[in-house]
Amino acid sequence: MGRRDGLVGLSSNVDLPAPDVSVPNALKYYGNQGFSTLETVVLLGGHTVGVTHCSVIKDRLFNFRGTQKPDPSLNAFYVFFLGNFICQNNNDDMFVFLDSPSSVVTVDNSYYKMLLEGKGILPIDNELAFDPNTANIVKTLAGNNGYFLDLFGKAIVKMGMLGVFTGNQGQIRHVCWETN
Ligand code: HEM
């Protein structure tokens, strides 16, 4: 609230990487906007809160890359629990916490600890822990909450400086998800 926002809201105008974007392509995407590899891994730490829908992860649970089997890198308990309870019967609208259920309303480094346990929910989350460009950064952030919080604050402020509307551009919305 308070920032100027667009006068139209169309999903076709949105420029965001897909959930199955590769780590190198995610680094390229954020790199093009001035973020280093470290800053990009830190920004992905935004997944310390919130949810994803079963539609986004069902291939990891039931048919990973056409194998008719789950993603072998996904934690076995998660495969069982999410596949048999939360996302069963192809219920695309059900949602899954991106961070551990005990920490999903807290901004902290538990997201990175989850990645090291094979509990990265989105494909991009999971791959951060394995990609040679990012694996060591994930380990460092998993081991130091203060370091993560410091970098996360700075990276979020930097991201907030992208494409800022000024003057008469757009409008300050009364409700953040719709135009006035
Ligand atoms: C390569 C980069 C990224 C990809 C591919 C990605 C992908 C996704 C996907 C697929 C979802 C779930 C959407 C749904 O099922 O409804 C999601 C949720 C979310 N993402 Fe990301 N994301 C990325 C970067 C970020 C960044 C940089 C932040 C913030 C700093 C962020 C914050 C969030 C939050 C807070 C949610 C939860 C939304 C909710 O609970 O409604 N993501 N992301």
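In the predicted model, Asp108 lies in the loop that runs between strand β3 and helix α5. With a relative accessibility of 16%, Asp108 counts as buried, because the cut-off for a buried residue is under 20% relative accessible area. When neighbours within four places in sequence are left aside, Asp108 is in contact with Thr48, Asp99, Ser103, Asn145, Phe148 and Leu149.

Asp99 is likewise placed in the loop between β3 (95-97) and α5 (110-116), and this residue is also buried, its relative accessible area being 1%. Not counting residues up to four places away in sequence, the residues touched by Asp99 are His47, Thr48, Val104, Thr106, Asp108, Ser110, Tyr111 and Met114. With Thr48 there is, in addition, a polar contact between the two side chains, at 3.2 Å from Asp99 to Thr48.

Thr48, Asp99 and Asp108 also appear together in the UniProt record, where an unreviewed entry covers these residues with the annotation "binding site". Although they span 61 residues in sequence, no two of their C-alpha atoms are more than 9.7 Å apart, so the three annotated residues gather at one spot.

A further part of the model concerns the packing of two helices. The axes of helix α2 (residues 37-44) and helix α8 (residues 145-160) come within 9 Å of each other and cross at roughly 95 degrees. Crossing angles of 65 to 115 degrees count as roughly perpendicular, and α2 and α8 are therefore described as roughly perpendicular to each other. On the α2 side, the residues that take part in the contact are Leu38, Glu39, Val42 and Leu43, and these meet Tyr147, Phe148, Leu151, Phe152, Ala155, Ile156, Lys158 and Met159 of α8. Sorted by character, the residues of this contact comprise ten that are nonpolar, none that is polar and two that are charged. Phe148, which belongs to the α8 side of this contact, is also one of the residues in contact with Asp108.

Lys154 is likewise found in helix α8, and, with a relative accessibility of 53%, this residue counts as exposed, because the cut-off for exposed residues is over 50%. The side chain of Lys154 makes a polar contact, at 3.1 Å, with the side chain of Asp150. Between Lys154 and Val42 there is a separation of 112 residues in sequence, while the distance in space from C-alpha to C-alpha is 9.7 Å; Val42 is among the α2 residues that meet α8.

Key:
Residues are numbered from 1 along each chain as its sequence is written. This is a predicted model: local features need pLDDT of at least 70, side-chain atom pairs count only at pLDDT 80 or more; totals for chains, interfaces and linings use all residues. Side-chain values use heavy atoms; hydrogens and water are left out. Axes are lines fitted to C-alpha atoms, for helices over the stretch in contact, and angles run from 0 to 180 degrees between N-to-C directions. Helices (H or I, at least four residues) and strands (E, at least two) are DSSP runs, numbered from the N terminus. Angles under 35 degrees count as roughly parallel, over 145 as roughly antiparallel, 65 to 115 as roughly perpendicular and the rest as oblique. Contact means heavy atoms within 4.5 Å. Ala, Val, Leu, Ile, Met, Phe, Trp, Tyr, Cys and Pro count as nonpolar, Asp, Glu, Lys and Arg as charged, and the others, Gly among them, as polar. UniProt positions are given in the numbering used here, feature names are shortened, and annotations may be inferred rather than shown by experiment. Buried means under 20% relative accessible area, exposed over 50%, partly exposed in between (1.4 Å probe, protein chains only). A polar contact is a pair of N or O atoms within 3.5 Å; within protein, one must be able to donate a hydrogen and the other to accept it, and residues adjacent in sequence count only if both atoms are side-chain atoms.
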